[in-house]
Amino acid sequence: MTTTTSPPAADRAAGTGRPTRPAARRPRRSLLPYLLLAPAVVLELAIHVVPMLVGAWMSLLELTQFHIRDWSGAPFVGLDNYRVVFDLDSAAGAELLRSFRVTVVYTVLSVGLSWVLGTTAAVLLQRPFRGRAVLRALFLTPYALPVYTAVITWTFLFQRDTGLVNHVLVDQLGLVDEPPFWLIGDNSFVALLIVSIWRTWPFAFLCVMAGLQNIPDELYEAAAMDGAGFWRRLRSVTLPMLRPVNLVLLLVLFLWTFNDFNTPYVLFGGSAPAEADLISLHIYRSSFQTWDFGTGSAMSVVLLLFLLLVTAGYLLLTNRRRNDA
Amino acid sequence: MRETAAERLSRRVVLTLLAGFVLVPLYVMVSSALKPLQDVQGAFTWWPRRPTGQAFVDMWSTVPLGRYLLNSLLVASVAAIFSVSVAIFAAYAVSRYRFRGRQVFSVTVLSTQMFPGILFLLPLFLIYVNLGNATGIALYASRTGLIITYLTFSLPFSIWMLVGYFDSIPRGLDEAAQVDGAGPLRTLFQVVLPAAVPGVVAVTVYAFMTAWGEVLFASVLTNEDSRTLAVGLQGYSTQFNVYWNQVMAASLVVSVPVVAGFLALQRYFVAGLTAGAVK
């Protein structure tokens with residue numbers, strides 16, 4: 001076995017230039033890579049890792065307004081803050097659970113629809129036609145726009161008496177008689193979702209577009225020669241080839257959307273109605289309104305654990321399927 | 001592989017709908033900026049009946065927009081320059097060296113990108129406030145604090161994208177330079193970086209955009225003096241009045257430069273994403 005495979009193996013090694021690998025690729029005991037990494041590591045530690053550890057510690061303290069200025073004096077209360085968070089009979093616990101539910105539905109719908117729109121647009125722009133470059137630039141614009149200008153514009157569109165949405169619905173299409181409120185009540189969730197999709201799908205479009213460039217034309221030509229139509233090519237060539245991109249893309253979109261703070265914060269001007277109270281904004285408001293940072297930190301830690309759990313499950317699931325294939 | 005008539009028709013219909021969805025808010029931003037205040041406070045009209053540039057004049061005095069703009073410019077540019085510099089060194093190490101901890105570094109850095117901002121907002125706020133009280137180093141309510149915070153936000157993605165770019169540069173070039181006696185740093189500056197200019201520019205724009213658009217930390221870590229556009233633009237809605245035409249005018253002014261920069265460099269982003277995804 002070894003004797004029969006050795007000549008091609010030798011060829012492969014020569015082909016990739018392994019015998020002449022530059023010295024830099026050989027592992028050697030050098031301080032240099034660590035020195036090059038040092039600034040990045042220090043910054044990540046200082047701004048992300050240390051505050052996270054401090055946050056975990058804060059969740060064990062009674063860190064109310066009396067102790068904010070000098071929080072070394074805050075009493076240690078163990079898991080009391082977590083008890084409040086998980087106590088569904090208390091107002092804080094019930095509100096957190098409601099906010100969590102809203103966030104889950106919001107994330108599933110926003111990520112799903114954004115992915116569908118992004119993939120559709122990328123596939124339809126795959127082959128050259130007149131105006132393609134213009135459309136591509138247009139589709140990427142919502143992603144490039146600063147969040148707050150985009151969302152503030154939507155706030156204007158959703159105004160009850162002066163906004164475009166009600167003007168079209170009531171005056172131009174006549175679909176409803178009374179102009180509905182969009183930024184309070186049940187509709188606020190729909191409004192939030194629309195804005196979120198408007199801002200998110202261009203990123204899915206960008207990633208899928210990049211992924212499509214790695215699919216060789218020959219695959220499509222072979223499929224077309226076998227008589228495969230548009231849907232068949234999409235199902236048998238495009239989507240399987242996009243799988244690696246989609247795996248990462250969906251995870252990133254999930255995490256970003258679940259943690260979304262900016263969209264509801266700007267859309268509703270600081271405090272969202274209960275129907276659209278996403279979890280990040282909820283923690284933010286309950287922390288800074290009551291100045292109870294202990295409970296806020298406990299909520300953040302629970303949120304992080306939940307996200308880690310989902311991410312780990314997702315990675316395990318997708319890895320196992322890849323190994324089966 | 002010719003398109004059938006039905007396929008062409010449905011492609012046009014779908015693309016037109018998508019374009020409409022994207023365009024409507026952009027159109028409203030532009031057209032409302034050109035309306036006088038009474039017209040944006042009354043019933044909505046598609047077309048500005050009495051177009052005027054007055055909002056672009058008034059917006060500077062309704063809120064201190066000039067100061068916000070200057071703060072945002074300072075914070076975003078300095079954060080972008082530092083972020084990219086730090087990312088270049090880190091990406092060079094990851095791309096050109098095999099060392100213990102390389103994998104751990106890559107995974108850890110990328111995963112911090114995924115953590116909820118709220119998780120380290122509260123502790124960071126307290127750390128900045130207490131550090132200021134204890135040592136007099138003003139990070140809370142200062143542009144410096146904001147710069148340091150923002151530069152870590154764009155760092156993970158910048159490193160990841162630059163590693164992809166550096167990997168695509170043939171190592172033969174490094175070797176040639178090393179044969180000529182260049183050390184690692186000279187190789188980086190004279191060989192690798194010049195070949196990766198598009199990637200570096202794209203990453204700089206990304207880092208700038210990240211800082212330019214950040215809302216959550218800006219809303220907590222700034223005061224009136226250090227306020228950036230992200231928070232400052234909310235000043236147009238007062239208790240009594242919302243100056244929608246000025247909000248739209250200001251939004252337009254602060255959006256156009258970043259959108260133009262991004263669109264001009266979009267193909268380098270696509271190339272960077274492709275290079276990163278291939279690994």
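**Figure 1. Arg160(A) sits over the face of Phe181(A).** In this predicted model, Arg160(A) is found 4.6 Å from the centre of the Phe181(A) ring. Chain B offers a charge over a ring too: Lys35(B) lies over the face of Phe44(B), and here the distance to the ring centre is 4.7 Å.

**Figure 2. Phe261(A) and Tyr265(A) form an aromatic pair.** Searching the whole structure turns up 40 aromatic pairs over all chains. Here's one of them: the ring centres of Phe261(A) and Tyr265(A) are 4.8 Å apart and the planes meet at 25°, so this pair counts as stacked. The cut-off behind that label is an angle under 30 degrees. Are these two residues buried or exposed? Both Phe261(A) and Tyr265(A) are buried.

**Figure 3. Phe261(A) also pairs with Tyr284(A).** This time the arrangement is edge-to-face, with 4.9 Å from centre to centre and 65° between the planes. Phe261(A) comes from the loop between α10 (230-258) and α11 (262-267) of chain A, while Tyr284(A) belongs to helix α12 (residues 279-290) of chain A, so the pair ties together parts that are 23 residues apart in sequence. Tyr284(A) is buried, just as Phe261(A) is.

**Figure 4. Ring pairs build a cluster with members from chain A and chain B.** Step back from Phe261(A) and you'll find it linked through ring pairs with Tyr265(A), Tyr284(A), Phe288(A), Trp291(A) and Phe293(A). Chain B adds Phe125(B) and Tyr140(B) to this cluster.

**Figure 5. The largest nonpolar core has 190 residues.** Which residues have the most contacts inside this core? They are Phe139(A), Tyr284(A), Ile159(B) and Phe166(B). Helix α8 (residues 187-212) of chain A makes the largest contribution to the core, with 17 residues. Take a look around Ile159(B): leaving out residues up to four places away in sequence, Ile159(B) touches Ala40(A) from chain A, plus Ala87(B), Ala90(B), Ala91(B), Phe105(B) and Val109(B).

**Figure 6. Ser158(B) is buried in the model.** You'll find Ser158(B) in helix α7 (residues 143-167) of chain B. Its relative accessible area is 0%. What does Ser158(B) contact, once neighbours within four places in sequence are set aside? The partners are Ser83(B), Ala87(B), Val203(B) and Tyr206(B).

**Figure 7. Leu124(B) touches residues of chain A and chain B.** Leu124(B) is part of helix α6 (residues 117-135) of chain B. With a relative accessible area of 1%, Leu124(B) is buried. On the chain A side, Leu124(B) touches Ala46(A), Ile47(A) and Pro51(A). Within chain B, Thr149(B) and Phe217(B) are touched as well, again not counting residues up to four places away in sequence. Phe217(B) is 93 residues from Leu124(B) along the chain, and their C-alpha atoms are separated by 9.5 Å.

**Figure 8. Leu35(A) is an exposed residue.** Look for Leu35(A) in helix α2 (residues 32-58) of chain A. The relative accessible area of Leu35(A) is 57%, so this residue is exposed, the cut-off being over 50%. Along the chain, Ala272(A) is 237 residues from Leu35(A), and 46 Å separates their C-alpha atoms.

**Figure 9. Chain A has 13 helices and zero strands.** Of its 325 residues, 49% count as buried. Looking at contacts in chain A with a separation of 6 or more, 65% are between residues 24 or more positions apart. The accessible surface of chain A comes to about 16200 Å², and 64% of this belongs to carbon and sulfur atoms.

**Figure 10. Confidence varies along the model.** For chain A, the mean pLDDT is 85, with 88% of residues reaching 70 or more. Residues 1-27 of chain A have a pLDDT below 50, and this stretch has 13 contacts in the model beyond near neighbours in sequence. Chain B has a mean pLDDT of 89, and 97% of its residues reach 70 or more. Which element of chain B has the lowest mean pLDDT, and which the highest? The lowest, 82, goes to helix α5 (residues 102-112) of chain B, and the highest, 95, to helix α4 (residues 65-96) of chain B. As for the model as a whole, the scores are ipTM 0.90 and pTM 0.88.

Note on methods
Residues numbered from 1 in each chain as written. Chains lettered and ligands numbered in written order. Predicted model: local features only at pLDDT ≥ 70, side-chain atom pairs only at ≥ 80, totals over all residues. Heavy atoms only, no water. Phe/Tyr/Trp six-rings, centres within 6.5 Å; stacked < 30°, edge-to-face > 60°. Buried < 20%, exposed > 50% of the residue type's maximum accessible area, 1.4 Å probe, protein only. Helix = DSSP H or I, 4+ residues; strand = E, 2+ residues; numbered from the N terminus. Lys NZ or Arg CZ within 6 Å of the ring centre and 35° of its normal. Contact = heavy atoms within 4.5 Å. Areas by Shrake-Rupley, 256 points an atom, 1.4 Å probe, with all protein chains shown as cover. Core = buried A, V, L, I, M, F, W, Y, C linked by side-chain atoms within 4.5 Å. pLDDT = per-residue confidence, 0-100.
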